[in-house]
Amino acid sequence: MLTLRQMRYFEALAATRHFGKAAAMVHVSQPALSTQIMEMEDHLGAQLVERNRAGVLLTAKGEAVLARIRVILGAVDELEETARRKSGVLAGPIRIGIIPTVAPYLVPKLIPHLRKAYPEIEIELKETVTDRLVAELLAGRLDAVIAALPVEAETLEVRPLFADRFFMAMAKNDREVLTSPMTENQVDADRLLLLEEGHCLRDQALAVCSAAGKRSLVNFGATSMSTLLQMVSHDMGMTLIPEMALASETARNNLIIVPFADPAPSREIGLIWRKSSGRSEDMSALAAAIIETAPKQK
């Protein structure tokens, strides 16, 4: 019969699409993982993966099996979590995922606040892009995700927390003068700097500045808001900056911040968790803590 170990190995392989990386993820040798996957295939009487030099592809049968395995592993993780959990709100472990354009501005105040308010809490954080966080949430490896909405999945609960307005950031020595407050069609798309593919703020910037026309966009493949704003401060272009980043980023970068005319574009930050987790009280408390500690524009 199939074992939980085999299912976890297969889920890791599906996530990484690489035998070596999957083995490292589950802390076993590559031959051991490969053997377990082959035993799964023998037991099910079907090929689950295509092996080639470029990596691993799931077969149609493999995709179907993966969907069922994720449901099973999620249920097992929730069972184990229920057994481990201490009594009381936010007592015991909680694994929180946060997108990179929120984490640096929220975590420094949120975590100390949670530890003071809930002394028995055990916090584990993960920072990456929304799609990966949602995948880990659905797989049971995270308990909650803080991200920009919308995030949609039938098995997830979504609670909007607050609106985070956008501003335009440019260097103080920038030759271009923008009218304040500016309109979206004033944005020079040829000088708009973007985060790399996968970041939701990249998509939001493109949506906000769509009125500027479909000209060439400057993409340095920056992986963080801080890196992008350092480029801006050195007069390499301009970029969108969320309100929650203003205080910390303007303190360390040579920037001019230009507001948009009303109605100003914004993103909505929300808290996402699995409906089946049975942690509605914990999530309500976490949501309240996020709202209380989120940076606010003075």
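This passage describes the fold, nonpolar cores, a strand pair and the largest pocket of a predicted model.

Residues are numbered from 1 along each chain as its sequence is written. In this predicted model, local features need pLDDT of at least 70 and side-chain atom pairs count only at pLDDT 80 or more, whereas totals for chains, interfaces and linings use all residues; side-chain values use heavy atoms, with hydrogens and water left out.

The chain contains 10 helices and 11 strands, taken as DSSP runs numbered from the N terminus (helices H or I, at least four residues; strands E, at least two). Of its 298 residues, 48% are buried (under 20% relative accessible area, against over 50% for exposed and in between for partly exposed; 1.4 Å probe, protein chains only). Among contacts (heavy atoms within 4.5 Å) with a separation of 6 or more, 74% join residues 24 or more positions apart.

In soluble globular proteins, nonpolar side chains tend to be buried together. A nonpolar core is defined here as a set of buried Ala, Val, Leu, Ile, Met, Phe, Trp, Tyr and Cys residues joined through side-chain atoms within 4.5 Å. The largest comprises 53 residues, and Leu-114, Ile-146, Leu-271, Leu-286 and Ile-290 have the most contacts inside it. Beyond its neighbours within four places in sequence, Ile-290 touches Leu-106, Leu-110, Ile-146, Leu-161, Phe-162 and Leu-271. A second, separate core has 20 residues, including Ala-22, Leu-33, Val-56 and Ile-69.

Val-56 is also the bridge partner, in β2, of Arg-51, while Glu-50 is matched with Leu-57. Strands β1 (residues 49-52) and β2 (residues 55-58) pair in the antiparallel sense over four bridges, pairing requiring at least two DSSP bridges between the strands. A hairpin of two residues connects β1 to β2.

The largest pocket (an open set of points on a 1 Å grid over the protein atoms alone, where a 1.4 Å probe fits, with protein on both sides within 12 Å along at least five of seven lines) has a volume of about 570 Å³, the space filled by probe spheres set on the points, which are joined across faces, edges and corners. Its lining (residues with an atom within 4 Å of a point) consists of 22 residues, with Glu-11, Met-25, Lys-126, Glu-136 and Arg-141 nearest the centre.
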